[in-house]
Structure formats: C-alpha cells, structure tokens
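Visitor: Please show me the model. Then take me through it by question and answer.

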Amino acid sequence: MHLHEFQSKKLLSQFGVPIPRGTPATSAENAHQAAEALGGKSWMVKAQAHTGGRGKAGGVLLAKSLDQVAQETQRLIGSRLITHQSGPQGLPVNTILIEEPTNIDRELYLSLLVDRSARRNLIMASSAGGMDIEEVAAKTPEKILTTHVGLAAGLQPWQCRKLAFGLGLAGSQIKELQKILDGLYRLFCTCDASLLEINPLVVRQDGTLIALDAKINLDENALYRHSELVALRDPSQEDAREMAAKEQDLNYISLDGTIGCMVNGAGLAMATMDLVQLHGGTPANFLDVGGTATAERVAIAFKLVLSDPKVKAVLVNIFGGIVRCDLIAEGIIQAVKEVGIKVPVVVRLEGTNATQGLKLLEASNLKLTTASTLQDAADKVVAATENPA
Ligand code: GDP
Ligand code: MN
C-alpha cells in the first residue's frame, strides 16, 4: 500500500524528521486559505498522486500569489496527472499540498528498503538527489552509497557518519543527518514499511537539512497491525480491478499485454505466462482463482479478466487438484451468460473432473476453443490475438 506525500510527511514529522510547513487542500478555496494561513509571498503547489516525476509533469510548481495558488489548484484538482512513472492513463488528483517554499542549495537522495537477498534493511544515499535513482544507478553508480543495518544491532552512529561524509556534509549537518536517519529508521520499522524514499533531501541555503519529498510504501502483509495506517488508503490511486479482486480474496495482477489469463495456483500462473510469452504473446493480467473456487467465485473472476479493455483473448488454464474442473466450467458458463464474450476464449482443463468440465462447456454451445495441453493452449490463444475472428 502506498501513501501520499502529505501523509508520509506527517509521519516523518512525528518521528522528528524536519519537513516544510504545509497543509493539504481539496479545493481552490481551501488552498487559498491554507496559503494565506502559512503566510509569506510564494507557495509550493504539489499535486498528490501515487507517482514520482510530478515536477516534470507540471504537478509541482511555485505560485507567486494567493490567486495563483487557487488557480493552479483548480487546474490540478479533478485532473489526471500523467508522469513518466504513472502509465499513460495517469492518476487522479484529489488533494493538493500547499507548502512554504524552501531555498535549495543542494538536493540529496535517501532511501530505506528491505534487501531480501541480504535479509537486512538497506539504506541508500546519493549526492545526486532530485533525479530518478534508477538513472543515477545506471549512469553514475559510484554516486550511490549503501549500508546494511544489522537486525540485532540496529542503525549505528558510524553508519550515519559514513553516509554523511559520502554526501559531502560537514559540521552540524552530520548530527542532523544522524537524527534524520534515526527517525527514518524508527519510522520504517514501526510502520512495517517496505520502502521509504526522501528525494530530495535538501541542504538549504542556510546549511540545514530538510525532507522536501517523501514516499512510503507499506507492507500489505503487516497492515493488520496498523489500523491507523489502513485508514490512509486512497482507493482512487489503485487499480480498480485489483481492488475488486482483493475484496473477493482473488489474486489478480494487472499487466501490459493483450491476453487475459485465468489459472489456479501461482506456480501455474507463472508457467502459463512464460508459455504465452514463448509463443509470442503478452499477458494482459493474470488471475489466480486459488484452490477453493466455487462456480460463483469463478464467474466473478472470469468477469474481472474479461472487463479489462486490453484483453484481446482469454486463456483459462486449470489444473484440477483440489479445485474441480466441472465447477470451473460452470463458473465460466455462468459468467458468459451474464456478460457475454466478445473475445476468443481458449480453455484447457486438466485433472479432477476434467472430462465433466469439458462436456459441460461443449453442451453449453458457447464459442470456446478447448485445448488439450498447455503448449496447445498457448499456441491457440496467441493465434487468436493475431487473427481475431
Ligand atoms: P516529484 O517530481 O514527484 O519527485 O516531486 P518533488 O516533491 O520531489 O518535487 C520535484 C522537484 O521540485 C524537486 O526535486 C525540487 O527540485 C523542486 N522543488 C520542490 N519543492 C521545492 C521548493 O520548496 N523549493 C524549490 N526551490 N524547489 C522545490
Ligand atoms: Mn521527488
């Protein structure tokens, strides 16, 4: 689960990390009032959306009058912000963060993440802040500093000093960075975050440090123990189909291709997608109906896969172990009766009650193609996207 910048910054400040004064606003009038209350002669207007690259996309700007704050807020609210990270659809903007502007001397980068291969948390820092860290890693990897935090020992002062020196900080800035890292690390652990990124961490013209942007991703599996964080969820920023699937306890992942995949089991899902790719196709999504599928749940699942406008053909690949193939067939028939099908569907059923399942599909007179093996199924579904009927 991702948090908005204004939500992340509130957490930062609770953990003693300095942030600019600011107020979230949901209307032009609100924004005007917020800016007036902050005082000063200019204000940052920052569109809140779960994406980076907002600055380059016109979602972060400096307003030089209260009227301009209101105008820019009016322009942004209700729009979709399209950045190089957001995908072509962009993300809806419902909230604007109004902040006092910061005088920047240098922009730094700081992040904390879980390094699964090292089985420890990792702190990354760079003197090349304000840029995509992927780009820094590709072009100037020497500018990225890293340090792993021992699980038992926790973050040590020497690690903070090492990072501070590497970032070119000196004097009281070293203590400041130590305090910031300490706060960030406690926040990271306390909230069960999987990623915490400050880009940029700014050295102000007076030499002090401040977090100008903040991104926090929380570990979904640990959310059950953070009801106060669950309340920060913004469904408007999430994939509607993934949300609907989650409500049904179905595992649905949205992808970029054209073939919808309904399977059972994560392993079979991976194998199915590999085979689709091997035959020259690309998956639009995959949905794992799991082991406890009923006809109703299969119907819901199948409708979800079909509802994706990217889907040009569907591949149903079920290996019936615990799940019964006749129930899968019933679910498909039920779904098609309700919503119809406008795209070719290839079905491969194998395992428990496969013969009954196939008989049901044949008797239903639906326009489905059956396949006997996974190879055959992948072949047929890719062909169906290439030569639509
Ligand atoms: P992002 O583009 O989504 O990562 O949004 P950021 O909050 O990081 O803002 C993008 C860029 O805008 C930053 O890297 C800064 O260069 C600039 N920026 C943001 N806030 C301020 C500010 O208060 N003062 C100045 N001078 N620049 C800012
Ligand atoms: Mn940023």
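Guide: A polar contact is a pair of N or O atoms within 3.5 Å; within protein, one must be able to donate a hydrogen and the other to accept it, and residues adjacent in sequence count only if both atoms are side-chain atoms. This is a predicted model, where local features need pLDDT of at least 70, side-chain atom pairs count only at pLDDT 80 or more, and totals for chains, interfaces and linings use all residues. Side-chain values use heavy atoms, without hydrogens or water, residues are numbered from 1 along each chain as its sequence is written, and chains are lettered from A and ligands numbered from 1 in the order written.

Visitor: Which residue has a polar backbone atom 3.3 Å from an oxygen atom of ligand 1?

Guide: Take the side chains before the backbone. An N or O atom of the Glu107 side chain lies 2.6 Å from a ligand 1 oxygen, and one of the Arg54 side chain lies 2.7 Å from a ligand 1 oxygen. The backbone contact at 3.3 Å comes from Gly53.

Visitor: How much of the accessible area of ligand 1 does the protein cover?

Guide: Accessible areas come from the Shrake-Rupley method with a 1.4 Å probe; for residues, only the protein chains shown count as cover. On its own, ligand 1 has 560 Å², and the share covered by the protein is 77%.

Visitor: Between which domains does ligand 1 lie?

Guide: Domain bounds come from an automatic or database domain assignment. The protein has three parts: domain 1 (1–19 + 103–238), domain 2 (21–101) and domain 3 (240–386). Residues of the shell come from two of them, so ligand 1 lies between domain 1 and domain 2.

Visitor: Is strand S6 largely enclosed or open?

Guide: Strands (E, at least two residues) are DSSP runs, numbered from the N terminus. Buried means under 20% relative accessible area, with exposed over 50% and partly exposed in between (1.4 Å probe, protein chains only). Thr95, Leu97 and Glu99 point one way, Ile96 and Ile98 the other, and all are buried. Five of the five residues of S6 (95–99) are buried, so the strand is largely enclosed.

Visitor: In S6, what is the bridge partner of Lys46?

Guide: Two strands pair if DSSP finds at least two bridges between them. S1 (residues 22–25) runs antiparallel to S6 with four bridges, and Thr23 has Ile98 as its partner there. S2 (residues 43–48) is also antiparallel to S6, with five bridges. For Lys46, the partner in S6 is Leu97.
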